[in-house]
Amino acid sequence: MGGVTYRLEEDHLYVHIHPRMDADDGEHYRVTPDGWTKVRSPRLSPPAPPARQRPTS
């Protein structure tokens, strides 16, 4: 019943606030050290996290 999803991207935190109703996509925010901005809903799925890099010998 609703909730919050967030992910750290290169230079900001992406936050998606999920509503209780499926008809609404919720609210999306971009958070930086300087403040936050409400952004339009991305209609694409969020990108997958980057693969872990193995150290080279």
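What follows is a chat about how some labels in this predicted model are earned.

Reader: What makes up the protein, in helices and strands?
Author: You'll find zero helices and four strands. Read along the sequence, that gives the pattern β-β-β-β.

Reader: Let's pick one residue. Where is T37, and why is T37 called partly exposed?
Author: T37 sits in strand β4, which covers residues 35-39. Its relative accessibility is 46%. Buried needs under 20% and exposed needs over 50%, so T37, at 46%, falls in between and counts as partly exposed.

Reader: Which residues does T37 touch, leaving aside its neighbours within four places in sequence?
Author: H28, Y29 and R30. To be in contact, heavy atoms have to lie within 4.5 Å.

Reader: OK, what makes H28 buried or exposed?
Author: H28 belongs to strand β3, residues 27-32. Its relative accessibility is 2%. The cut-off for buried is under 20%, so H28 counts as buried.

Reader: How do you know that the side chains of H28 and Y14 make a polar contact?
Author: The distance given for that contact is 2.5 Å. A pair of N or O atoms must be within 3.5 Å, with one able to donate a hydrogen and the other able to accept it. So 2.5 Å fits the distance limit, and the pair is listed as a polar contact.

Reader: And how far is T37 from Y14?
Author: C-alpha to C-alpha, they are 10.0 Å apart in space, and 23 residues apart in sequence.

Reader: How many aromatic pairs are there, and why is the pair of Y29 and W36 called what it is called?
Author: There's one aromatic pair. The ring centres of Y29 and W36 are 5.4 Å apart, and the planes meet at 75°. Centres within 6.5 Å make a pair, and planes over 60 degrees apart count as edge-to-face, so this pair is edge-to-face.

Reader: Are those two residues buried or exposed?
Author: One of each! Y29 has 14% relative accessibility, which is under 20%, so Y29 is buried. W36 has 59%, which is over 50%, so W36 is exposed.

Reader: Why is Y6 called exposed?
Author: Y6 lies in strand β1, residues 3-8. With 60% relative accessibility it passes the cut-off of over 50%, so Y6 counts as exposed. Together with V4 and I17, Y6 makes a nonpolar surface patch of about 320 Å².

Reader: What share of the protein is buried?
Author: Buried residues make up 11% of the 57 residues.

Note on methods. Residues are numbered from 1 along each chain as its sequence is written. This is a predicted model: local features need pLDDT of at least 70, side-chain atom pairs count only at pLDDT 80 or more; totals for chains, interfaces and linings use all residues. Side-chain values use heavy atoms; hydrogens and water are left out. Helices (H or I, at least four residues) and strands (E, at least two) are DSSP runs, numbered from the N terminus. Buried means under 20% relative accessible area, exposed over 50%, partly exposed in between (1.4 Å probe, protein chains only). Patches are made of residues with over 30% relative accessible area and no salt bridge: like charges are joined within 9 Å, nonpolar side chains (Val, Leu, Ile, Met, Phe, Trp, Tyr) within 5 Å. Accessible areas come from the Shrake-Rupley method with a 1.4 Å probe; for residues, only the protein chains shown count as cover. A salt bridge is a side-chain nitrogen of Lys or Arg within 4 Å of a carboxyl oxygen of Asp or Glu. Rings of Phe, Tyr and Trp (its six-membered ring) pair if their centres lie within 6.5 Å; planes under 30 degrees apart count as stacked, over 60 as edge-to-face and the rest as tilted.
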